[in-house]
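This report looks at two loop residues and one helix pair. Sequence and structure come next.

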Amino acid sequence: MFNILCVGDVVGSIGCEFLRRHLPELRRIKGIDLCIVNGENSADGNGITPNSLRHLLDSGADIVTTGNHSFRRKESYSLYEEREDLLRPANYPDAAPGRGVAVVDLGRVQAAVINLMGTVYLESLQSPFEALDGILKNSELPKLKILDFHAEATGEKRAMGFFADGRLTAMFGTHTHVPTADECILPQGTGYITDVGMTGPIQSVLGVKPEIIIGRYTTKMPARFDLASGPCRLDCVIFSAEEKTGLCTSVERLTIT
(Lines give C-alpha, C1' and ligand atoms only; values in the text may rest on other atoms or scores of the structure.)
Protein backbone atom coordinates (compact mmCIF):
# COMPACT_ATOMS: atom_id res chain seq x y z
CA MET A 1 0.00 0.00 0.00
CA PHE A 2 1.20 3.51 -0.87
CA ASN A 3 0.15 6.44 1.36
CA ILE A 4 -0.04 9.97 -0.04
CA LEU A 5 -0.50 13.00 2.20
CA CYS A 6 -1.81 16.19 0.55
CA VAL A 7 -1.70 19.39 2.60
CA GLY A 8 -3.88 22.45 1.91
CA ASP A 9 -2.51 25.92 1.09
CA VAL A 10 0.07 26.93 3.70
CA VAL A 11 -0.54 30.59 4.59
CA GLY A 12 2.44 32.74 5.52
CA SER A 13 5.11 32.25 8.14
CA ILE A 14 2.52 31.37 10.78
CA GLY A 15 1.27 28.51 8.62
CA CYS A 16 4.82 27.40 7.87
CA GLU A 17 5.67 27.20 11.56
CA PHE A 18 2.51 25.26 12.35
CA LEU A 19 3.29 22.82 9.53
CA ARG A 20 6.77 22.25 10.92
CA ARG A 21 5.39 21.46 14.37
CA HIS A 22 3.00 18.80 13.12
CA LEU A 23 4.05 17.37 9.75
CA PRO A 24 6.95 15.13 10.83
CA GLU A 25 4.85 13.35 13.47
CA LEU A 26 1.89 13.07 11.09
CA ARG A 27 4.10 11.44 8.48
CA ARG A 28 5.42 8.98 11.03
CA ILE A 29 2.05 8.05 12.58
CA LYS A 30 0.29 7.59 9.24
CA GLY A 31 3.17 5.88 7.44
CA ILE A 32 3.28 8.47 4.68
CA ASP A 33 5.30 7.62 1.58
CA LEU A 34 4.79 10.87 -0.34
CA CYS A 35 3.83 14.33 0.94
CA ILE A 36 2.54 17.08 -1.36
CA VAL A 37 2.12 20.59 0.06
CA ASN A 38 0.58 23.59 -1.70
CA GLY A 39 2.91 26.51 -0.99
CA GLU A 40 1.67 29.34 -3.20
CA ASN A 41 0.80 31.46 -0.14
CA SER A 42 3.70 30.34 2.06
CA ALA A 43 5.46 33.72 1.95
CA ASP A 44 3.97 36.55 3.98
CA GLY A 45 1.98 38.64 1.51
CA ASN A 46 1.32 35.75 -0.94
CA GLY A 47 3.60 33.87 -3.30
CA ILE A 48 6.58 31.70 -2.49
CA THR A 49 10.18 32.67 -1.77
CA PRO A 50 13.43 30.71 -1.44
CA ASN A 51 13.07 30.85 2.35
CA SER A 52 9.46 29.67 2.47
CA LEU A 53 10.16 26.88 -0.02
CA ARG A 54 13.10 25.66 2.03
CA HIS A 55 10.96 25.76 5.18
CA LEU A 56 8.27 23.57 3.58
CA LEU A 57 10.79 21.04 2.27
CA ASP A 58 12.72 20.90 5.53
CA SER A 59 9.44 20.36 7.38
CA GLY A 60 8.70 17.18 5.41
CA ALA A 61 7.19 18.14 2.05
CA ASP A 62 8.45 16.05 -0.88
CA ILE A 63 6.80 18.16 -3.59
CA VAL A 64 5.54 21.74 -3.34
CA THR A 65 2.73 22.78 -5.68
CA THR A 66 1.42 26.27 -6.40
CA GLY A 67 -1.38 28.08 -8.27
CA ASN A 68 -2.51 31.56 -9.23
CA HIS A 69 0.12 33.16 -6.95
CA SER A 70 2.95 31.09 -8.44
CA PHE A 71 4.78 34.10 -9.84
CA ARG A 72 3.75 36.76 -7.32
CA ARG A 73 7.36 37.05 -6.08
CA LYS A 74 10.12 37.69 -8.61
CA GLU A 75 12.68 35.96 -6.41
CA SER A 76 10.82 32.71 -7.07
CA TYR A 77 11.28 32.72 -10.85
CA SER A 78 14.67 31.03 -10.80
CA LEU A 79 13.45 28.47 -8.25
CA TYR A 80 10.99 27.04 -10.75
CA GLU A 81 13.83 26.44 -13.20
CA GLU A 82 16.32 25.10 -10.68
CA ARG A 83 14.20 22.79 -8.55
CA GLU A 84 12.30 19.70 -9.63
CA ASP A 85 10.42 19.56 -6.31
CA LEU A 86 8.65 22.88 -6.96
CA LEU A 87 5.80 22.92 -9.48
CA ARG A 88 3.68 25.59 -11.14
CA PRO A 89 0.45 24.76 -12.99
CA ALA A 90 1.23 22.78 -16.14
CA ASN A 91 -1.30 24.76 -18.17
CA TYR A 92 0.76 27.95 -17.96
CA PRO A 93 2.44 28.78 -21.30
CA ASP A 94 5.68 26.95 -22.03
CA ALA A 95 7.47 30.29 -21.85
CA ALA A 96 6.72 30.55 -18.12
CA PRO A 97 9.48 29.37 -15.79
CA GLY A 98 9.41 25.85 -14.44
CA ARG A 99 7.34 22.74 -14.98
CA GLY A 100 3.98 21.33 -14.00
CA VAL A 101 4.83 17.64 -13.58
CA ALA A 102 7.36 15.91 -11.34
CA VAL A 103 8.20 12.22 -11.04
CA VAL A 104 9.34 11.23 -7.57
CA ASP A 105 11.58 8.17 -7.32
CA LEU A 106 11.05 6.50 -3.94
CA GLY A 107 13.15 3.43 -4.65
CA ARG A 108 10.57 0.66 -4.69
CA VAL A 109 8.09 2.78 -6.64
CA GLN A 110 7.74 6.02 -8.58
CA ALA A 111 4.91 8.55 -8.41
CA ALA A 112 4.02 11.46 -10.68
CA VAL A 113 2.70 14.72 -9.23
CA ILE A 114 0.75 17.00 -11.57
CA ASN A 115 -0.17 20.64 -10.90
CA LEU A 116 -2.98 22.30 -12.89
CA MET A 117 -4.99 25.49 -12.48
CA GLY A 118 -8.65 26.10 -13.23
CA THR A 119 -9.77 28.84 -15.60
CA VAL A 120 -13.17 29.75 -14.12
CA TYR A 121 -12.74 33.12 -12.33
CA LEU A 122 -8.94 32.78 -12.64
CA GLU A 123 -6.29 33.35 -15.32
CA SER A 124 -7.13 32.64 -18.95
CA LEU A 125 -4.80 29.68 -19.39
CA GLN A 126 -4.90 26.57 -21.53
CA SER A 127 -7.89 24.40 -20.69
CA PRO A 128 -6.82 22.21 -17.74
CA PHE A 129 -8.78 19.34 -19.31
CA GLU A 130 -6.76 19.56 -22.53
CA ALA A 131 -3.57 19.95 -20.53
CA LEU A 132 -4.28 16.82 -18.49
CA ASP A 133 -5.03 14.83 -21.64
CA GLY A 134 -1.69 15.89 -23.07
CA ILE A 135 0.20 14.98 -19.90
CA LEU A 136 -1.40 11.54 -19.67
CA LYS A 137 -0.36 10.71 -23.22
CA ASN A 138 3.14 10.24 -21.83
CA SER A 139 3.34 6.46 -21.56
CA GLU A 140 6.45 6.69 -19.37
CA LEU A 141 4.57 8.16 -16.42
CA PRO A 142 4.28 5.76 -13.46
CA LYS A 143 0.97 4.21 -12.44
CA LEU A 144 0.76 6.37 -9.34
CA LYS A 145 -0.34 9.85 -10.44
CA ILE A 146 -1.64 12.60 -8.16
CA LEU A 147 -3.15 15.92 -9.26
CA ASP A 148 -3.31 19.19 -7.33
CA PHE A 149 -6.08 21.07 -9.15
CA HIS A 150 -5.88 24.69 -8.01
CA ALA A 151 -9.27 26.12 -8.94
CA GLU A 152 -12.00 28.48 -7.74
CA ALA A 153 -15.21 26.89 -8.99
CA THR A 154 -16.58 23.80 -7.32
CA GLY A 155 -18.20 22.69 -10.57
CA GLU A 156 -14.91 22.85 -12.46
CA LYS A 157 -13.23 20.78 -9.77
CA ARG A 158 -15.99 18.16 -9.72
CA ALA A 159 -15.90 17.94 -13.50
CA MET A 160 -12.13 17.45 -13.44
CA GLY A 161 -12.51 14.66 -10.91
CA PHE A 162 -14.83 12.67 -13.16
CA PHE A 163 -12.75 13.58 -16.23
CA ALA A 164 -9.69 12.08 -14.53
CA ASP A 165 -11.49 9.13 -12.91
CA GLY A 166 -9.64 5.89 -13.54
CA ARG A 167 -6.68 7.72 -15.07
CA LEU A 168 -5.25 9.19 -11.86
CA THR A 169 -4.62 7.78 -8.42
CA ALA A 170 -6.05 10.86 -6.76
CA MET A 171 -7.08 14.46 -7.30
CA PHE A 172 -7.22 17.04 -4.53
CA GLY A 173 -8.46 20.59 -4.95
CA THR A 174 -6.74 23.66 -3.52
CA HIS A 175 -7.19 27.46 -3.59
CA THR A 176 -10.41 28.16 -1.68
CA HIS A 177 -8.82 27.43 1.74
CA VAL A 178 -12.03 25.84 3.04
CA PRO A 179 -12.11 22.03 3.34
CA THR A 180 -15.01 20.24 1.71
CA ALA A 181 -16.70 17.16 3.13
CA ASP A 182 -16.92 15.23 -0.13
CA GLU A 183 -13.83 13.03 0.04
CA CYS A 184 -14.52 9.80 -1.81
CA ILE A 185 -13.31 7.25 -4.31
CA LEU A 186 -14.89 7.91 -7.70
CA PRO A 187 -16.46 5.01 -9.66
CA GLN A 188 -13.33 4.14 -11.65
CA GLY A 189 -10.97 4.22 -8.66
CA THR A 190 -9.63 7.77 -8.38
CA GLY A 191 -9.51 9.33 -4.91
CA TYR A 192 -11.09 12.77 -4.78
CA ILE A 193 -11.78 15.85 -2.66
CA THR A 194 -13.00 19.20 -3.98
CA ASP A 195 -10.81 21.25 -1.64
CA VAL A 196 -8.45 20.06 1.05
CA GLY A 197 -8.46 23.39 2.95
CA MET A 198 -5.54 25.40 4.32
CA THR A 199 -2.79 25.49 6.91
CA GLY A 200 -2.99 28.73 8.84
CA PRO A 201 -4.82 30.79 11.49
CA ILE A 202 -8.31 29.61 12.42
CA GLN A 203 -9.81 32.99 13.35
CA SER A 204 -9.27 34.49 9.92
CA VAL A 205 -10.76 34.96 6.48
CA LEU A 206 -8.63 32.57 4.41
CA GLY A 207 -5.66 33.44 6.63
CA VAL A 208 -6.14 37.22 6.66
CA LYS A 209 -7.36 39.35 9.59
CA PRO A 210 -11.19 39.38 9.36
CA GLU A 211 -11.49 43.13 9.89
CA ILE A 212 -9.38 43.79 6.81
CA ILE A 213 -11.55 41.66 4.55
CA ILE A 214 -14.75 43.08 6.08
CA GLY A 215 -13.38 46.56 5.36
CA ARG A 216 -12.78 45.65 1.73
CA TYR A 217 -16.37 44.49 1.35
CA THR A 218 -17.94 47.42 3.17
CA THR A 219 -15.80 50.28 1.81
CA LYS A 220 -14.47 48.89 -1.50
CA MET A 221 -11.13 50.50 -0.60
CA PRO A 222 -7.76 48.77 -1.12
CA ALA A 223 -6.04 47.38 1.94
CA ARG A 224 -2.91 45.49 2.86
CA PHE A 225 -3.76 41.83 3.57
CA ASP A 226 -2.06 41.31 6.93
CA LEU A 227 -2.14 37.74 8.19
CA ALA A 228 -4.14 36.86 11.25
CA SER A 229 -2.51 35.40 14.35
CA GLY A 230 -3.53 32.95 17.04
CA PRO A 231 -4.27 29.21 16.96
CA CYS A 232 -3.85 27.46 13.64
CA ARG A 233 -5.19 24.42 11.83
CA LEU A 234 -3.64 22.03 9.33
CA ASP A 235 -6.10 20.65 6.77
CA CYS A 236 -5.01 17.60 4.81
CA VAL A 237 -6.15 14.41 3.12
CA ILE A 238 -4.53 10.98 2.95
CA PHE A 239 -5.02 8.78 -0.08
CA SER A 240 -3.97 5.13 0.07
CA ALA A 241 -3.39 3.32 -3.21
CA GLU A 242 -2.38 -0.02 -4.67
CA GLU A 243 1.07 0.25 -6.18
CA LYS A 244 0.36 -2.29 -8.94
CA THR A 245 -2.84 -0.69 -10.22
CA GLY A 246 -2.22 2.93 -9.25
CA LEU A 247 -5.82 3.20 -8.04
CA CYS A 248 -7.06 4.56 -4.73
CA THR A 249 -8.30 2.23 -1.99
CA SER A 250 -9.13 4.70 0.81
CA VAL A 251 -9.45 8.40 1.56
CA GLU A 252 -9.10 10.07 4.95
CA ARG A 253 -9.66 13.78 5.56
CA LEU A 254 -7.96 15.25 8.64
CA THR A 255 -7.77 18.57 10.47
CA ILE A 256 -5.05 19.10 13.08
CA THR A 257 -5.38 21.93 15.59
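## A buried threonine

Thr 169 is buried: its relative accessible area is 0%. The model is predicted. Thr 169 sits in the loop that links α5 (154-164) and β8 (170-174).

The side chain of Thr 169 has a polar partner. One of its polar atoms lies 2.6 Å from the backbone oxygen of Gly 246. Leaving aside residues up to four places away in sequence, Thr 169 touches Ile 4, then Lys 143, Leu 144 and Lys 145. Thr 169 also touches Gly 189, Thr 190 and Gly 191. Its other contacts in that count are Ala 241, Gly 246, Leu 247 and Cys 248. Gly 246 thus appears both as a contact of Thr 169 and as the owner of the backbone oxygen at 2.6 Å.

## Helices α1 and α2

How do α1 and α2 pack, and at what angle? Helix α1 covers residues 12-30 and helix α2 covers residues 50-59. Their axes are 9 Å apart, at an angle of about 15°. Angles under 35 degrees count as roughly parallel, so α1 is roughly parallel to α2. The crossing of the two helices is left-handed.

On the α1 side, the contact is made by Cys 16, Glu 17, Leu 19, Arg 20, Leu 23 and Pro 24. On the α2 side, Arg 54, His 55, Leu 56, Asp 58 and Ser 59 take part. By class, that contact has five nonpolar, two polar and four charged residues.

## The surroundings of α2

Which residues of α2 are buried? They are Ser 52, Leu 53, His 55, Leu 56, Leu 57 and Ser 59. Helix α1 is among the elements that cover them. The cover also includes the strands β2 (9-10), β3 (34-38) and β4 (63-65), and helix α3 (77-82).

His 55, Leu 56 and Ser 59 are buried in α2, and these residues also meet α1. Gly 60 comes just after α2 and takes a positive phi of about 130°.

## A buried aspartate

Asp 85 lies in the loop between α3 and β5 (101-105). Is Asp 85 buried or exposed? Its relative accessibility is 17%. Buried means under 20%, so Asp 85 counts as buried.

The side chain of Asp 85 makes a polar contact of 2.8 Å with the side chain of Arg 83. Not counting residues up to four places away in sequence, Asp 85 touches Leu 57, Asp 62, Ile 63 and Val 64. Leu 57 is one of the buried residues of α2.

How values were computed: Residues numbered from 1 in each chain as written. Predicted model: local features only at pLDDT ≥ 70, side-chain atom pairs only at ≥ 80, totals over all residues. Heavy atoms only, no water. Axes fitted to C-alpha atoms, helices over the stretch in contact; angles between N-to-C directions. Helix = DSSP H or I, 4+ residues; strand = E, 2+ residues; numbered from the N terminus. Parallel < 35°, antiparallel > 145°, perpendicular 65-115°, else oblique. Left-handed = near helix turned anticlockwise from the far one by under 90°. Contact = heavy atoms within 4.5 Å. Nonpolar A, V, L, I, M, F, W, Y, C, P; charged D, E, K, R; others polar. Buried < 20%, exposed > 50% of the residue type's maximum accessible area, 1.4 Å probe, protein only. Polar contact = N/O pair within 3.5 Å; in protein donor to acceptor, adjacent residues only side chain to side chain.
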